[in-house]
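Got your viewer open and a selection box ready? Here's a walk through the model, stop by stop.

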Amino acid sequence: MNEPPRLPGGGFAAWSRDRLAEARRGLDECGDVWQLEPGVYVAAAAGPCEAVLRRAEDFPKAPSPLFPPSSNGAPTAQERLHAHAARMRGLRAQAVAARVGEIAPGAALFADQWPTGQDVEVLPAARHALAEIGVRYLFSEDAPALLPFAARLFLAREVLVRPSRWEWPRWVPTPARRFRTRQQAAFTDALRPIVRRRLASGRPGDDVLGQMLQPSSRYGPLPEEAVLDTLPGITVATFEAPTRAAGWILLHLARHPRAADRVAGEAAVLPADPAATTSAHLDELRYTQALVREVLRLYPPSWLLTRRTARRTELAGYTLDAGSTVLVCPYTAHRDAREHAEPDRFRPERWLDGSSSPADPGPFLAFGTGPHGCEGAALAMAMLTLLTAHTARRHRLSEPTGPEPGFRVTTFEGLATPGLRLRATARDPVRSRPG
């Protein structure tokens, strides 16, 4: 069997905690695929990363253990398929475009409430704003009742994935897992009467929950437990990774004032009443969308994805045994010089061609790709684009003075900027307008 080169200097546990430099060095020195430790491989270049994500039969995505099915029984394979199709009716790009006016007010409120003239910790405020937007997108008028439970679900997830010296078997009821179970049950108990009320009224609604309650011509109605079991994970997902992304985006607005000025000028087309925002307004934010994509290219929130081989298979000329772990690294794939010119340079214009319409500068894996690509990619892009536009239109951002950055970089479970503090200065609204 051909073996990829091994990455010098340590195993998976040490490397995955914070070694972005090691990841980049591995791409430069070890090639497209390398062996990290026995049975663990890294797909680093864009081609192998895309191949793994698209070949779901060879490299299936394992079900998330974070919010397991309730004790009433796991959904069947058919119910999972039905639930996915129902969710996507509410999350596909056309559905998101039709509801831009429901997303924009939360983004504008985030900018409006940012206090000026003081250093503010960014991630908690961004998380709160994005949670309100995401939960409202899922549950509409029922969002206020569910938002506190969604916040505690997020906290349970954070506690559960916190690094630990011990790797306990999944059946061991650790304190973190018991806390997760309690918060998941509390969320489900709050959601159950909402589901029953909507079904009894005959008006399921046109939000994501409503789409899941509408019978399918192929499958019929989803069982109640299948609806309830699938929603904790998607609820947290609407704001978890977007919060990590928002931190990097706002940091880049502070570090690249000319790019921020261009976003502010573009955002002048947005209506004074954010609820009047339409998909046409969103489409006009071409440079803003390019900036968001460029930040996601450089700092993908999910920088390392895990797959396990279902059978003996080939990857980039190497033979991998069944049961091998393959780590897909969008961080290095996005910095592959064969696919992206000047890969380490922040250059939003790479996503635009001469007519300022979207171009194709190379693979983009911030939301994954293939059968298991992120369900909420369109929603996340709309949320982040509008948050960026409203913030830049309202404020100039800057970092605290000092020799060191005012944040840490963490890589465990996602690429984030905890502790990030930025200062906002009110922007002259006249200068925000183009021309």
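In what order do the 3 strands of the open sheet run, and is the pairing parallel or antiparallel? The order is S3-S9-S8, and the pairing is antiparallel. Keep in mind as you click around that this is a predicted model.

**Stop 1: the three-stranded sheet**

Select 119–121 for S3 and 395–398 for S8: these two strands stand at the edges, each with a single partner strand, so one side of each has no neighbour in the sheet. On average, neighbouring strands here are turned by 40 degrees against each other, ignoring direction.

Now add S9, residues 421–426, which runs antiparallel to S8 and is joined to S8 by 4 bridges. Click His-395 and look across to S9: the bridge partner is Ala-426. Do likewise with Leu-397, whose bridge partner in S9 is Ala-424. Then turn to S3, which is antiparallel to S9 and connected to S9 by 3 bridges. Val-120 is a good residue to pick, with Leu-422 as its bridge partner in S9.

**Stop 2: the four-stranded sheet**

Next comes an open sheet of 4 strands in the order S1-S2-S7-S4, with mixed pairing. Highlight S1 (33–37) and S4 (305–308): they stand at the edges with a single partner strand each, so one side of each is left without a neighbour in the sheet. The average turn between neighbouring strands of this sheet is 30 degrees, direction ignored.

Zoom in on S1 and S2 (residues 40–43), an antiparallel pair joined by 4 bridges. Gln-35 is worth labelling, as it stands opposite Tyr-41 in S2.

Before leaving, show helix H3, residues 46–54. H3 lies across S1, S2, S4 and S7 (325–328), and runs at about 120 degrees to S7.

**Stop 3: H6 against H7**

Over to a helix pair. As a reminder, two packed helices are described by the angle between their axes and the distance between the axes.

Select 100–112 for H6 and 122–139 for H7; their axes come within 9 Å and cross at roughly 165 degrees. Angles over 145 degrees count as roughly antiparallel, and H6 and H7 are therefore roughly antiparallel to each other. Their crossing is right-handed.

Which residues meet here? Show side chains for Ile-103, Gly-106, Ala-107 and Phe-110 in H6, then for Ala-125, Ala-126, Ala-129, Ile-133 and Tyr-137 in H7. Colour this contact by residue class and you get 8 nonpolar residues, 1 polar and no charged.

**Stop 4: H4 against H11**

Now try H4 (residues 77–91) with H11 (residues 224–237), which pack at about 55 degrees with their axes 10 Å apart. That makes H4 oblique to H11. H4 passes H11 in a right-handed crossing.

On the H4 side, pick Glu-79, Ala-83, Arg-87 and Leu-91; on the H11 side, Ala-226, Thr-230 and Ile-234. By class, this contact has 4 nonpolar residues, 1 polar and 2 charged.

While you're on H4, find Ala-85, which also lies in this helix. Is Ala-85 buried, partly exposed or exposed? Its relative accessible area is 34%, so Ala-85 is partly exposed. Draw a distance line from its C-alpha to that of Gln-211: the two atoms are separated by 9.3 Å, though the residues are 126 apart along the chain.

**Stop 5: the buried residues of H13**

Select 257–267 to bring up H13, where the buried residues are Ala-259, Ala-260, Val-263, Ala-264, Gly-265, Glu-266 and Ala-267. What do they pack against? Turn on H12 (240–255), H14 (279–284), H15 (286–298) and H17 (377–394), and you have the helices they pack against.

**Stop 6: two loop residues with positive phi**

Finish with a look at the backbone. Ala-316 sits in the loop between S5 (313–315) and S6 (318–320). Its phi is near 50 degrees, a positive value in a residue other than glycine. Ala-316 counts as partly exposed because its relative accessibility is 45%.

Then jump to Glu-342, in the loop between H16 (330–333) and H17. Glu-342 is not a glycine either, yet has a positive phi of about 45 degrees. With a relative accessibility of 45%, Glu-342 counts as partly exposed.

Definitions and conventions. Residues are numbered from 1 along each chain as its sequence is written. This is a predicted model: local features need pLDDT of at least 70, side-chain atom pairs count only at pLDDT 80 or more; totals for chains, interfaces and linings use all residues. Side-chain values use heavy atoms; hydrogens and water are left out. Axes are lines fitted to C-alpha atoms, for helices over the stretch in contact, and angles run from 0 to 180 degrees between N-to-C directions. Angles under 35 degrees count as roughly parallel, over 145 as roughly antiparallel, 65 to 115 as roughly perpendicular and the rest as oblique. A crossing is left-handed if the near helix is turned anticlockwise from the far one by less than a right angle, and right-handed if clockwise. Contact means heavy atoms within 4.5 Å. Ala, Val, Leu, Ile, Met, Phe, Trp, Tyr, Cys and Pro count as nonpolar, Asp, Glu, Lys and Arg as charged, and the others, Gly among them, as polar. Buried means under 20% relative accessible area, exposed over 50%, partly exposed in between (1.4 Å probe, protein chains only). Two strands pair if DSSP finds at least two bridges between them.
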